[in-house]
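Subject: Structure handover

Hello,

Here is the structure I promised to pass on. My notes follow below it.

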Amino acid sequence: GILLNITASAPGRSFPTWKVLRGWANTRLGVDLTEQVPEKAQALASDGSALPLTESVGSLREKLRMRQGAYTLDVLWPAEALPAVKSARGRTAPGPPARSKLRKLHPSARYCYVDRRVMGWGSSSTHKAKIAAGTYADTRGHYPEAELALAMRTPPAFDEDVELEDRQLAALDDANAVLFHARLRGPKHEVLNWEATCKRCERNIRERKPDKKASQLPYPVFIPSCGRAEKAHLNWRASHVFGPQETTPLGLRPVVCLVIEPEEEEDYRAAWPLSLMLILPEGHRGPGYARWVVQRLCTSSCIVGHEASDGSQRRLQRIWIVDDTLTMFYRLALMEKFVSCGRLRRPKRMKHRVANGLMFQEALLAVQRHHFIGRAAVAGFLRDDGTAVCKRNDWKLDELALYKVVLLDLRELWRLNVEYTPQLQMYEDICLNHDVLSKGGRTLKCQCYGFRAVHAKKGGCLQQRNGRERSGQTRLKDLVKKSEFAKMNKDRQKVVKELLQWVRDKELLFRKRTEEPKKNAPTPPSPERTADNEADEQEVAVGDMTPGTPVEVDDSEASASEAEDLEMFADESSPPVLWPR
């Protein structure tokens with residue numbers, strides 16, 4: 001039979017070789033081997049010879065090659081032992097693992113009534129020791145992101161008038177009935193490039209051929225944006241993103257499309273005249289609706305009311321959905337010498353950041369080239385919150401914390417019957433990932449690249465955050481309108497309820513931690529009220545806040561101990577940075 005040759009990694013462990021094969025089969029193939037591995041399965045050494053399955057990996061180190069600081073071996077797996085691929089839609093699997101991952105995840109303090117400083121989220125107790133040990137000597141201050149942000153906020157220059165074209169798109173359901181219409185508008189060459197990309201992807205899907213361009217060309221990128229026409233990071237032609245594409249033939253350029261609301265089309269077109277834009281059917285529906293529209297259109301749509309409309313479907317295999325606040329991607333490379341500091345003896349900082357060339361393109365292609373990408377319904381990246389350099393694993397499977405930059409396998413999501421919840425006002429990416437894992441889908445997280453993003457004080461989900469009642473607890477209507485919730489089916493309602501309970505559990509824990517210091521503290525005598533102590537009363541410490549007081553923090557989701565490393569100095573006069581190649 002046909003054999004597969006795939007590399008498996010087992011860093012820092014010593015156990016029988018057959019257990020390596022069993023763990024690999026469970027992780028990569030989803031096969032639960034309770035007994036021995038298949039008879040024809042083999043583990044190969046660096047010279048191609050078969051390894052004895054009963055001996056421990058530790059005793060075979062001389063026969064194994066090193067890769068990224070870990071011993072690796074090749075696995076030969078018989079084709080007849082591969083699991084059957086089911087194409088039926090709606091296959092489900094047990095859900096408890098996804099729920100447990102949801103409980104371990106921390107929600108953003110910007111969207112709930114929690115202060116991350118009180119909870120200790122993203123904090124480090126060894127930051128001063130790391131500075132004293134010289135851990136940040138090679139990176140501290142070497143990556144000024146203000147210039148990167150300015151480069152992505154600056155529209156590309158152009159000399160001549162821009163000829164715009166429109167395409168009316170109709171999203172189709174499984175029965176090819178029209179769900180809604182949306183409008184695609186942009187410069188002629190951008191529209192033609194989008195059409196050429198759709199035809200190439202449709203041809204590959206119809207002929208069941210792999211996309212040979214996936215290792216060289218990023219999948220189409222969609223960027224939902226709202227209320228940030230002047231401040232959004234939308235220049236993907238910057239020197240550290242995709243770079244200029246004017247000389248690249250049509251159909252071989254990356255598709256970058258802004259997703260905007262109809263009321264803001266004029267503002268965004270005035271600020272970004274060269275951009276391809278998808279105008280939503282309705283406005284003021286929230287981030288979940290915008291992502292749902294993109295997913296439905298790219299899963300199946302057709303052009304209507306235009307000479308280019310031939311009635312054929314427009315389908316894409318995979319797409320990227322990216323926030324409009326991204327600043328930079330870094331490659332996380334292993335350090336030559338680890339520095340151990342703090343209370344733990346094991347190394348804390350294992351990697352350092354590398355940035356040169358088209359880092360956005362390099363990071364996206366690294367995910368697209370991964371061998372597991374064909375089985376992952378959702379893939380994404382590690383957000384560099386200051387602790388990214390301490391991650392041991394380069395890749396992780398079935399992770400829930402994928403947001404801001406996600407790669408969607410539209411065919412796999414269709415098979416799982418999973419899609420964005422259009423009524424959801426917050427946590428739309430987490431809800432999608434939770435639904436994927438609950439239904440037996442897989443996710444892939446890249447930790448050898450990390451991204452940085454800023455938190456704008458205007459636009460985006462500001463309306464949803466400010467629209468909440470100051471009750472100290474997230475309510476159902478903060479996530480979904482009650483009228484919309486009543487229209488959902490039971491499965492969708494269950495997912496939203498689990499999401500709400502997850503947020504409430506974190507808020508309850510926060511209230512308990514803020515109430516404990518009050519109970520243990522002695523009651524001070526009432527001082528005479530003066531102008532001085534009236535001014536002091538206006539500064540309320542975090543530990544003295546009542547449970548009903550909402551916490552307004554600018555949560556960068558970065559480690560508080562790494563604040564100096566993440567600090568950005570805005571300078572509007574600074575030119576875009578030129579990264580060395």
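G440 is partly exposed, because its relative accessible area is 25%, between the 20% limit for buried and the 50% limit for exposed. Bear in mind that this is a predicted model. G440 sits in the loop that runs between α11 (428-438) and β17 (442-453). From its C-alpha atom to that of D398 is 9.8 Å, with the two positions 42 residues apart along the chain.

Now the charged pairs. The whole structure holds 26 salt bridges. Three of them are worth a look.

Start with R452 and E145. Their side chains form a salt bridge, 2.6 Å from N to O. This pair ties together distant parts of the chain: R452 belongs to strand β17, E145 to helix α5 (residues 145-153), and 307 residues separate them. Both R452 and E145 are buried.

R452 has another partner, D384. Here the salt bridge spans 3.3 Å, N to O. Again distant parts of the chain are linked: R452 is in strand β17, while D384 is in the loop between β14 (376-383) and β15 (395-397), 68 residues apart. R452 counts as buried because its relative accessible area is 7%, under the 20% cut-off. D384 is buried too, so classed because its value is 3%.

These contacts belong to something wider. A network of salt bridges links E145, R353, D384 and R452.

The third pair is D323 with R291. The closest N and O atoms of this salt bridge are 2.8 Å apart. D323 lies in the loop between β11 (318-322) and β12 (326-339), R291 in helix α8 (residues 287-299); the two are 32 residues apart, and the pair links distant parts of the chain. D323 and R291 are both buried.

Last, the cysteines. How many disulfides are there? The count is zero. Take C298 as an example. Its closest cysteine sulfur is in C198, 7.3 Å away, so the two are too far apart for a bond, given a cut-off of 2.5 Å. Is C298 buried or exposed? C298 is buried, because its relative accessible area of 6% falls under 20%. C302 also counts as buried, because its relative accessibility is 12%.

If you open one site to begin with, I suggest the network of E145, R353, D384 and R452.

Best wishes

Technical notes
Residues are numbered from 1 along each chain as its sequence is written. This is a predicted model: local features need pLDDT of at least 70, side-chain atom pairs count only at pLDDT 80 or more; totals for chains, interfaces and linings use all residues. Side-chain values use heavy atoms; hydrogens and water are left out. Helices (H or I, at least four residues) and strands (E, at least two) are DSSP runs, numbered from the N terminus. Buried means under 20% relative accessible area, exposed over 50%, partly exposed in between (1.4 Å probe, protein chains only). A salt bridge is a side-chain nitrogen of Lys or Arg within 4 Å of a carboxyl oxygen of Asp or Glu.
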